[in-house]
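Hi,

Here is the structure I promised to pass on to you. Have a look at it first, and then read on for what turned up in it.

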Amino acid sequence: MSMFEKLTKRYTDGNLIVQILFGIILGAILGFIAHNYAGATLAANAASVLGNLFVGALKAIAPVLVFVLVSSSIVLKEFGSGTGLKKIIILYIIGTFLASLSAVIASFIFPTTLVLQNTSDAITSAPSSIIEVLKTLVFKMVDNPVNAIASGNYIGILTWAVGIGLALRHASEQTKQMIKDASAAITKVVKFVIRLAPFGIFGLVCISVAQTGFSALGGYLKLIVVLVGTMLFVGFVVNAIIVYLVTKKNPYPLIMTCVKESAVTAFFTRSSAANIPVNMNLCKKLNLDEKLYSISIPLGATINMAGAAVTIAVLALSAVNTLGIQIGFFDALLLSVIAAIGACGASGVAGGSLMLIPLACSLFGISNDIAMQVVAVGFIIGVIQDSVETALNSSTDVLFTAIASK
């Protein structure tokens, strides 16, 4: 066995979480050096290629993975777990609403404001209806299947995968075997991509630290604390209560497993869609029902958006506070509902939730120009906010799937 083969085997047999943490440390060190010394910028840019390749590979394989696994699951498996899937969907809805409600309460207790320009004409008569969001979701379901896979439209992918899977349930055994082989092949490709996570995360951490450092976020420290604090509260308190009520067991061992093996990767990829293969792999390690998780994980990446609900509610109320708009209890409750539903329409890519902020702002008659300034603030703090948000979103997919599957 050659030296290269020995090193490769040692790497593939190693603990992936430890390797990821090692990549984080090295990336942070090189990024810090590049941020403070111009001579190291070239090295940081070179390292960023690894991060871009990793995220690109995940995003490229995830739509195909979802389509193949969902359709093959329907073709090859018996529908003995319909109740489990129903329970997961209910948990997704309840979890997202409780997250948005927690964000509204946190914003009332710890009000935040923003620096906005041209606020004299900030208030308009914009409608507060969510019909457009729901209409968009419905039209995504009937998107061209090829376009859905190419563009990462997971609502469309799920719709067509279910439809084709149902149509092929009575196919010949040869056809079913071909579908099974295709599913196994895609799974092998995904496993290979996941093993490259330490290199990818090294590059992502490196370029992030090199470009932003730590001083750029100082002006929005309170806003970041409220956002991250609320997300941590949802992840470790709200979710823990939900898990305990469902399982009647200590929720934290399962929560910590989801944090270590799902949230850490999602934190750096900043994409629920890109983290689908990681979550699939974790569900398999937890010995969960494949009939459930092959559908619930991609579905969760689309509609289970607790972190996005927190972001939408907190930033919308920050704009409200900045403009001096007075709101009551029922306004806040309506915002919770709109933030939760709007979060379900957020795309599973980095910064996807920020584009739903204008919807929440329109509830209070805030003009689109001001709302887009709020979105810009979201991108400024996104290096932390979006990372924590995605970690919460993605790890909760596995958490709720696990308690329903058990």
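Before anything else, one definition: a salt bridge here is a side-chain nitrogen of Lys or Arg within 4 Å of a carboxyl oxygen of Asp or Glu. Please also keep in mind that this is a predicted model.

With that rule in hand, how many salt bridges does the count come to? The count is one. Glu261 makes the bridge with Lys285, and the closest N and O atoms sit 2.7 Å apart. Glu261 belongs to helix α11 (residues 252–269) and Lys285 to helix α12, so the pair ties together parts that are 24 residues apart in sequence. Glu261 is partly exposed, at a relative accessible area of 21%. Lys285, on the other hand, is exposed, with a relative accessible area of 52%.

Now a step back to the overall picture. The protein chain has 18 helices and zero strands. Of its 406 residues, 51% are buried. If you take the contacts between residues at least 6 apart in sequence, 85% of them join residues at least 24 apart.

Back to α12, since the salt bridge ends there. This helix is mostly covered, with seven of its 10 residues buried. Which ones are the buried residues of α12? They are Ile276, Pro277, Val278, Asn279, Met280, Leu282 and Cys283. Just after the helix, Asn287 takes a positive phi of about 60 degrees.

Helix α12 (residues 276–285) also packs with helix α3 (residues 41–76): the axes are 9 Å apart and the angle is about 50 degrees. The two helices are therefore oblique to each other. On the α3 side, the residues that meet α12 are Leu58, Ile61, Ala62, Leu65, Val66 and Leu69, and their partners in α12 are Ile276, Pro277 and Met280. By class, that contact has nine nonpolar residues, no polar ones and no charged ones. Those three partners, Ile276, Pro277 and Met280, are among the buried residues of α12 as well.

While you are looking at α3, find Leu53, which is in that helix too. Is Leu53 buried or exposed? Leu53 is exposed, because its relative accessible area is 57%. Its C-alpha atom is 10.0 Å from that of Leu204, and the two residues are 151 apart along the chain.

Next, the aromatic rings. The count comes to two aromatic pairs. In one of them, Tyr92 and Phe400 are tilted, at 6.3 Å centre to centre and with 40 degrees between the planes. This pair links distant parts of the chain, as Tyr92 is in helix α4 (residues 82–109) and Phe400 is in helix α18 (residues 382–405), 308 residues apart. Tyr92 has 1% relative accessibility, so Tyr92 counts as buried. Phe400 is also at 1% relative accessibility and counts as buried.

The other pair is Phe267 with Phe268, and this one is edge-to-face: 4.9 Å centre to centre, 75 degrees between the planes. Phe267 is partly exposed, with a relative accessible area of 28%. Phe268 comes in at 18% relative accessibility, and therefore counts as buried.

Helix α4 has another residue to click on, Ser102. Its relative accessible area is 13%, so Ser102 is buried. What does Ser102 touch, if residues up to four places away in sequence are not counted? The answer is Thr230, Phe233, Val234 and Val238.

Last stop: Gly307, in helix α14 (residues 306–323). At 0% relative accessibility, Gly307 counts as buried. Leaving out residues up to four places away in sequence, Gly307 touches Met231, Glu389, Leu392 and Asn393. Gly307 and Thr390 are 6.6 Å apart in space, C-alpha to C-alpha, although 83 residues separate them in sequence.

If you want a short route through the model, try these:

- the salt bridge of Glu261 with Lys285;
- the contact of α3 with α12, with its nine nonpolar residues;
- the tilted pair of Tyr92 and Phe400;
- Gly307 in α14, with Met231 among the residues it touches.

Over to you!

Definitions and conventions:
Residues are numbered from 1 along each chain as its sequence is written. This is a predicted model: local features need pLDDT of at least 70, side-chain atom pairs count only at pLDDT 80 or more; totals for chains, interfaces and linings use all residues. Side-chain values use heavy atoms; hydrogens and water are left out. Axes are lines fitted to C-alpha atoms, for helices over the stretch in contact, and angles run from 0 to 180 degrees between N-to-C directions. Helices (H or I, at least four residues) and strands (E, at least two) are DSSP runs, numbered from the N terminus. Angles under 35 degrees count as roughly parallel, over 145 as roughly antiparallel, 65 to 115 as roughly perpendicular and the rest as oblique. Contact means heavy atoms within 4.5 Å. Ala, Val, Leu, Ile, Met, Phe, Trp, Tyr, Cys and Pro count as nonpolar, Asp, Glu, Lys and Arg as charged, and the others, Gly among them, as polar. Rings of Phe, Tyr and Trp (its six-membered ring) pair if their centres lie within 6.5 Å; planes under 30 degrees apart count as stacked, over 60 as edge-to-face and the rest as tilted. Buried means under 20% relative accessible area, exposed over 50%, partly exposed in between (1.4 Å probe, protein chains only).
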